[in-house]
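Trainee: Got a minute to go through this one with me? I'd like to talk about its empty spaces and its helices.

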Amino acid sequence: AWVALAVLAGIVVTVSTGLLPITLAGFIGVGILLATRCITATKARQSVDWSILIVIAAGLGIAHAMVKTGAATAVAELLVSFFHDLGPLGALVVIYLLCMAMAETLHHSAAVAIMFPIAVATASQVGADPRPFVIAVAMASNCCFASPVAYQTHLIVYGAGGYRFSDFVRVGLPLNALTAAVALLVIPRIWTF
């Protein structure tokens, strides 16, 4: 246990001081754990949730395809055509809610990958600075609490704690509404259109 704690402390110190990027520090930490036999290679492989990695990779691929094919711009034009009377603030609200819904059903990283180009294209369509839209995507994808699928820690407690899907919905929807209200009030004040 002391080796694992030392490795964890080493990762935190090297990343927080900027000596190493988190991915490299993590790989080195895993290498040390394997070399010192704190964990076996089999246990390490079993601890990786491959389905989440596949969802993230697929989301990145879809996002790249949306930019290359012009689909992101087409979706942005469609959104703006439906909500053109609402202006930049209305477009921001729509982007936030779409991203949050996508993060609840996919993984949050996949939602960011897909919604980022749509958010930037939407900002361009309404003649606004893209920064508030990008911040909205970041907030919406990370402030989704109504589904265990949205984030890996949700999945950990979902299985280990014996929770039901309805538990996440009952507690998560009010949290989603609260964080959305705060974000949509604060974002336009800090990052103006």
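Mentor: Sure, let's take pockets, then a cavity, then helix packing and one serine.

Mentor: This is a predicted model, where local features need pLDDT of at least 70, side-chain atom pairs count only at pLDDT 80 or more, and totals for chains, interfaces and linings use all residues. Residues are numbered from 1 along each chain as its sequence is written, and side-chain values use heavy atoms, with hydrogens and water left out.

Trainee: What volume does the largest pocket have?

Mentor: About 530 Å³. On a 1 Å grid over the protein atoms alone, a pocket is an open set of points with protein on both sides within 12 Å along at least five of seven lines, while a cavity is a set where a 1.4 Å probe fits but cannot get out. Points are joined across faces, edges and corners, and a volume is the space filled by probe spheres set on them.

Trainee: Which residues lie nearest the pocket's centre?

Mentor: Gly26, Phe27, Val30, Ala44 and Val48, out of 14 lining residues; lining means having an atom within 4 Å of a point. The elements giving two or more residues to that lining are α2 (22–35) and α3 (41–46). Helices here are DSSP runs of H or I, at least four residues, numbered from the N terminus.

Trainee: Which element gives the most?

Mentor: α2, with seven residues.

Trainee: And how does the lining divide by class?

Mentor: Ten nonpolar, three polar and one charged. Nonpolar is Ala, Val, Leu, Ile, Met, Phe, Trp, Tyr, Cys and Pro, charged is Asp, Glu, Lys and Arg, and the others, Gly among them, are polar.

Trainee: Switching to cavities: how many are 30 Å³ or more?

Mentor: One, with about 40 Å³ of space. Leu79, Val80, Phe83, Ala91, Val94, Ile95 and Thr122 line that cavity, and α5 and α6 (87–105) each give two or more of them. Six are nonpolar, one is polar and none is charged.

Trainee: At what angle do α6 and α7 pack?

Mentor: About 160 degrees, with the axes of α6 and α7 (residues 108–125) 9 Å apart. Axes are lines fitted to C-alpha atoms over the stretch in contact, and angles run from 0 to 180 degrees between N-to-C directions. Over 145 counts as roughly antiparallel, so that's what α6 and α7 are.

Trainee: Last one: is Ser81 buried, partly exposed or exposed?

Mentor: Partly exposed, because its relative accessibility is 43%, and that class sits between buried (under 20%) and exposed (over 50%), with a 1.4 Å probe and protein chains only. Ser81 is in helix α5 (residues 71–83).

Key. Parallel < 35°, antiparallel > 145°, perpendicular 65-115°, else oblique.
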